[in-house]
Amino acid sequence: MHYFTHTFQDGLRLIHLPVDSPVAYCGFAVNAGARDEEADESGLAHFVEHLLFKGTEKRKAWHILNRMENVGGELNAYTTKEDTFVYSIFMEEHFARAFELLTDILFHSCFPPQEIEKEVDVILDEINTYKDNPSELIFDEFENLIFNGHALGHHILGDEASLRGFTSGSGLSFTRRFYVPSNMVFFSMGRIKPAKLIRLAEESRSLPSPSPFPAYCRKPPLPVPPQNKRIHRETHQTHVIIGGRSYCMYESDRKRIPLFLLNNLLGGPGMNSRLNISLREKHGLVYSVESNISSYTDTGLASIYFGTDPRHTAKAVSLVHKELKKLCDTRLSSSQLAAVKKQVTGQLGVSNDNKESLFLNLGKHFLHHNSYESLHEVFGKIENVTAGDILEAANEVFSPTGLSSLIYE
């Protein structure tokens, strides 16, 4: 898979993936998220993402809303712990329209005071909806437990006290600190020629003058010993999450790729995962069980989640630890290893057929690695994984004695 890259004088990086399709994609990835907020800014990164669509120096919210919708396009955004994405999907003849709109809202949003109170209410409703869903809320509370109050554990949405204190100045302060070309990537996919794309960017009057990215250093979370916490909640099920620290996104392929395979084997999307077979198929204790890995720039998180009847909690937890001990004690046979690799490569191939997913992965990977791996390259790395590599990852990340747990009961 051949892609094109370019770096502009102001430090903005560009990556374009040629795809033969009449539908085009483009967006900006900003290297700033919830962990980059100051102590009194909880929820500000997500708040800024919302307010980007509420007015610029030359557009009101209504004009932003309709700019791509009127030609059948989409305008989307989302915020994570470490980055923010704003992007559009449209028919290729509207590329210039999408690019101009994106540069306007990214670099010239004015955070109108009259829009702030309305949007705060929208976000508060989002928070309350989230609180009503313990199967999602438990993940955030678990991260806060694992990262021991570090910014990585904070809720992306913030809380009412912080949100009520935000002003236009809050949004402008955050964007001036982080929404600068040298801290961003412009990524696109479609049939547009790279030369035209560069010319479009250079001729755009929406891009700001070059500005240096202020000195900033993310502080990694300190290590914490394993913890076990129970919280009483009025829920029908008991919700359980078990996990601990994992590898960061910059860890060597020799560690990251085996962990990816291991996670898929343990509790990935396949119905034949070990946890699903044990907890659901053999014992009928859960409707679903999953394991997940999250990689940040300086740390990571591995976790296992399930919900079950309170009568079955202890047995389900015991079965999870039994599967983990098995993975830590027993090396995969050659046939088991081959089966894991075959399943993962198949899943990646199917996922890669989703153009929006491919596009967003393009932007994220280039933002943090300044490169992009083709599916063929990823398959090659998977093929090089040994059973010993997976055994090592199991003992470093999923050793039962080193894990924490959080239970809603």
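Glu41 counts as buried in this predicted model, because its relative accessibility is 10%, under the 20% cut-off. Glu41 sits in the loop between strand 3 (23-30) and helix 1 (44-51). Leaving aside residues up to four places away in sequence, Glu41 touches Phe166, Phe174 and Arg177. With Arg177 there is a polar contact between the two side chains, at 2.9 Å.

Next, the open sheet. Five strands make up this sheet, in the order 7-11-8-10-9, and the pairing is mixed. Strand 7 (228-231) and strand 9 (286-295) are the edge strands; each has a single partner strand, so one side of each lacks a neighbour in the sheet. From one strand to the next the twist averages 15°. Strand 9 pairs with strand 10 (residues 300-308) in the antiparallel sense, over eight bridges. Ser294 stands opposite Leu301 of strand 10.

Helix 9 links the sheet to the helix packing described below. Helix 9 lies across strand 8 (238-246), strand 9 and strand 10. Its direction is about 170° to strand 9.

Helix 9 (residues 253-267) also meets helix 15 (residues 387-397): their axes come within 8 Å and cross at roughly 85°. The two helices are therefore roughly perpendicular to each other. The contact residues are listed here.

| Helix | Residues in the contact |
|---|---|
| Helix 9 | Arg254, Lys255, Pro258, Leu259, Leu261, Leu262 |
| Helix 15 | Asp389, Ile390, Glu392, Ala393, Ala394, Glu396, Val397 |

By type, the residues of this contact divide into eight nonpolar and five charged, with no polar ones.

Key:
Residues are numbered from 1 along each chain as its sequence is written. This is a predicted model: local features need pLDDT of at least 70, side-chain atom pairs count only at pLDDT 80 or more; totals for chains, interfaces and linings use all residues. Side-chain values use heavy atoms; hydrogens and water are left out. Axes are lines fitted to C-alpha atoms, for helices over the stretch in contact, and angles run from 0 to 180 degrees between N-to-C directions. Helices (H or I, at least four residues) and strands (E, at least two) are DSSP runs, numbered from the N terminus. Angles under 35 degrees count as roughly parallel, over 145 as roughly antiparallel, 65 to 115 as roughly perpendicular and the rest as oblique. Contact means heavy atoms within 4.5 Å. Ala, Val, Leu, Ile, Met, Phe, Trp, Tyr, Cys and Pro count as nonpolar, Asp, Glu, Lys and Arg as charged, and the others, Gly among them, as polar. Buried means under 20% relative accessible area, exposed over 50%, partly exposed in between (1.4 Å probe, protein chains only). A polar contact is a pair of N or O atoms within 3.5 Å; within protein, one must be able to donate a hydrogen and the other to accept it, and residues adjacent in sequence count only if both atoms are side-chain atoms. Two strands pair if DSSP finds at least two bridges between them.
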